[in-house]
Amino acid sequence: MSVPGIRPFRKPLAACCAALALGASLTACGGASTADPDAKEITVYSADGLKSEKGDGFYDKVFQDFRKKTGIKVNYVESGSGAAVQRLARERANTKADVVVTLPPFIQQADRKGLLDTYRPKGADQVAAGDKDPSGKWTSIVNNYFCFIYHKKQPKQAPTTWQDLLDPKFKNKLQYSTPGVAGDGTAVLIKALHDFGGQGPAMSFLKKLQANNVGPSSSTGQLAPKTDKGELLVANGDVQMNHANQKSMPNQGIFFPAARPGAKPTTFALPYAAGVVKNAPHRRNAQKFLDYLLSPEVQQQVSAVGGGFPSRKDIKPTDPNATHLAAIMKNVEVFQPDWSDIDKNLTSYVDAWRTATGS
């Protein structure tokens, strides 16, 4: 769920007591928090995709510039979209994170579980109503869209419909990340529910698709290099991640399967959404960080550095990445999922998928 940097492989959530990325030091599981509320630091739990292993991604620049501007260090903890929320829930009695960044429907799940505090960042008035919580619990910071990828050397042309993915040439050469665990994996389920017109026909198709599927993957990011090398011919992803990876993984192409021959390709917005964690140890710093993420200077960098789409409606970037991203999305129909329904029924949808696919 980072141009010119590379989106890192999606890694499974570390154990509660594991060491945190970038040297973040947290107290042991179950122990009392010793966090100093006046310390010049924050801890961010985030879905992967905005930080580069090369150090030149969107988060890399944002964290560095934010520290220069405010003196506040960002301790970064990366995981899958659902795993970030699960960790927040486990730590509810001893909150360690200040900010969470994750994808729908997991940001709504965090709100429903009472894990988010109310805060409307400066600039949130420029974010579309559908990209923020009306009660102020979360706000999109980088817009993004769901997609599939294919190995451009074989097939040389992208599949055009879901039915194309049933071709025997994709047997053991197709893989998508696990719904309910990975944000982009859950997006496969959401798109199928939309394109096929409901749970029954969607699960019927995914059951057929299982004949070609390699198997579960908790990490969407791991699928991109496999697709670039030709180990996979088709995988799922998202536009920001895979557009970012194209410079270092030129053999992967982006496509959006249509529901049936002659239909328009479809996708939906899958934004990175951020909120202040309830009982955040460094709440004031967390608010400053969200203000900074939505500032015009940072939103101008979303496409140029992050390979994504600005959340603010008043920011209209014209850099080469923005132009390329617009071309990718041309003639693609963008639908609006019913996130309240998905949040309410996600468990049953995932259970139906497990039953249909035997996963």
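In the predicted model, the surroundings of Thr-186 are drawn from several stretches of the chain: once its neighbours within four places in sequence are set aside, this residue is in contact with Pro-105, Phe-106, Thr-178, Pro-179, Gly-180, Val-181 and Leu-346. Thr-186 belongs to helix H4, which spans residues 183–196, and it counts as buried because its relative accessibility is 1%, where the cut-off for that class is under 20%. One of the contacting residues, Gly-180, also takes part in a polar approach, since its backbone nitrogen lies 2.9 Å from a polar atom of the Thr-186 side chain.

Turning to the strands, an open sheet of mixed pairing is formed by four of them, arranged in the order S6-S7-S5-S8. Its edges are occupied by strand S6 (174–175) and strand S8 (252–255), each of which pairs on one side only. Within this sheet, strand S5 (residues 146–151) and strand S7 (residues 234–238) are joined in the antiparallel sense over five bridges, and Tyr-150 has Val-234 in S7 as its bridge partner.

Strand S4, comprising residues 139–143, is mostly covered, with five of its five residues buried. Antiparallel pairing links S4 to strand S10 (residues 272–276) through three bridges, and to strand S11 (residues 309–310) through two bridges. Val-142 figures in both pairings, standing opposite Tyr-272 in S10 and having Pro-310 as its bridge partner in S11.

How values were computed:
Residues are numbered from 1 along each chain as its sequence is written. This is a predicted model: local features need pLDDT of at least 70, side-chain atom pairs count only at pLDDT 80 or more; totals for chains, interfaces and linings use all residues. Side-chain values use heavy atoms; hydrogens and water are left out. Two strands pair if DSSP finds at least two bridges between them. Helices (H or I, at least four residues) and strands (E, at least two) are DSSP runs, numbered from the N terminus. Buried means under 20% relative accessible area, exposed over 50%, partly exposed in between (1.4 Å probe, protein chains only). A polar contact is a pair of N or O atoms within 3.5 Å; within protein, one must be able to donate a hydrogen and the other to accept it, and residues adjacent in sequence count only if both atoms are side-chain atoms. Contact means heavy atoms within 4.5 Å.
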